[in-house]
Amino acid sequence: MISMEFTIDYLKKLALKVYDTIYPLLGRKEASVKSERGAGGDMTMYIDQVAEEIIIQSLKKGKVNCLLISEEIGEKYIGDEHQVKKNQQVLIIDPLDGSNNAVRGVPYCSVSIAYAIGNKMNDILRAVVLNLNTKDIYWAEKGKGAYFNNAQIHVSDLDITQKCFFELNLPMKNLMINLQKLAPLIRRFYRIRILGSSALTLCQIASGRMEAFINLRETNRLVDVAAGFLILKEAGGKIFSLDGKEINKDLSIEIKFPFIACNVKLESFLKTELINKNSK
Ligand SMILES: [Mg+2]
């Protein structure tokens, strides 16, 4: 049963409310005032809390029933818990992806909202990622394609011999060792960009502006990638685990995983280069 409550327009409006609240705070000192550690494990700042609070208040006002999985509060039933257990509606939200950029005023941060019926990533039906600096919206509905504002988007068709843009996100721990391991692969890249919002970078690949995202951080959270996951897939992109397998994790605040995302042309190249060498 598909509820009419969480239409794509509803999700876009929710994202725009975050934009209205957060945009005036970008790059401002008060944005970075620290509070306690969020459920996702990162330090919560004032701007993260404000972003999440506007979402919770909007959901409560809208009288919706869903399980909210969100970076700072973790998991919370909104509305009638019994109803939610029946209808299995889940919202997976990162109210502010790229918090460090946001407080410093580096223009690369986003709000990420995914809607699912069920308890697996493949149950995600609709997704919205809004660029909080430009107000542009990337969105997708399962089986209906991915869009940038009003235009349908697709991944690029560049292959490794062309000018591919990669994002490479590695843990700071053992950075040099990992870089050395990856050196043969890195040499094939045309350019590396490390931008700071995973949600937004998945959308860059979806819209053909970048080619691949290698995120080897074990601490990468579901809330960062849930919406980008659907948008990328609907744009024809690929996303897989470090052993080359399909990713279809549980929808839970506890879930963290590294991943590789790319256009179609780079899939077999990356699988061969990364997976074989990693397993040796
Ligand atoms: Mg966040």
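Two strands are taken to pair if DSSP finds at least two bridges between them. Helices (H or I, at least four residues) and strands (E, at least two) are themselves DSSP runs, numbered from the N terminus. The model described here is predicted, so local features need pLDDT of at least 70 and side-chain atom pairs count only at pLDDT 80 or more, while totals for chains, interfaces and linings use all residues. Residue numbers start from 1 along each chain, following its sequence as written.

Strand S3 (66-70) is a good place to start. S3 and S4 run antiparallel and are joined by 5 bridges. The two make a hairpin, with 3 residues between them, and Ser 70 sits opposite Gly 74 in S4. S3 also has S5 as a partner: these two run parallel, with 4 bridges joining them. Here Leu 68 has Leu 91 of S5 as its bridge partner. As general background, the strands of a sheet pair through backbone hydrogen bonds, either parallel or antiparallel.

S3 is mostly covered, with 5 of its 5 residues buried. A residue is called buried if 20 or more other C-beta atoms lie within 10 Å of its own, exposed if 12 or fewer do, and partly exposed in between, with C-beta atoms placed from the backbone. Cys 66, Leu 68 and Ser 70 point one way from the strand, Leu 67 and Ile 69 point the other way, and all are buried.

Two loops in this part of the chain hold residues with an unusual backbone setting to look out for. Lys 63, in the loop between helix H2 (46-61) and S3, has a positive phi near 55 degrees and is not a glycine. Lys 63 counts as exposed because it has 10 C-beta neighbours inside 10 Å. Gln 88, in the loop between helix H3 (81-87) and S5, also is not a glycine and has a positive phi of about 55 degrees. Gln 88 has 16 C-beta neighbours inside 10 Å, so it counts as partly exposed.

Stepping back to the whole chain, the domain assignment gives domain 1 (8-153) and domain 2 (165-279); such bounds come from an automatic or database domain assignment. Taken over C-alpha atoms, the domain centres are 21 Å apart. Domain 1 brings 41 residues to the contact and domain 2 brings 30 residues, where two residues are in contact if their C-beta atoms, placed from the backbone, lie within 7 Å. Among the elements that each supply at least two residues of the domain 1 side are S3, strand S4 (74-78), strand S5 (89-97) and helix H4 (99-104). That side has 22 nonpolar, 13 polar and 6 charged residues. For this count, Ala, Val, Leu, Ile, Met, Phe, Trp, Tyr, Cys and Pro are nonpolar, Asp, Glu, Lys and Arg are charged, and the others, Gly among them, are polar.

Further along the chain comes an open sheet of 5 strands with mixed pairing, in the order S12-S11-S13-S15-S14. Strand S12 (191-193) and strand S14 (238-240) are its edge strands, each pairing on one side only. From one strand to the next, the twist averages 20 degrees. Strand S11 (residues 165-169) and S12 pair in the parallel sense over 3 bridges, with Arg 193 in S12 as the bridge partner of Glu 167. Helix H6 (residues 198-206) lies across S11, strand S13 (212-215) and strand S15 (259-262), and runs at about 150 degrees to S13. Axes for such angles are lines fitted to C-alpha atoms, for helices over the stretch in contact, and the angles run from 0 to 180 degrees between N-to-C directions.
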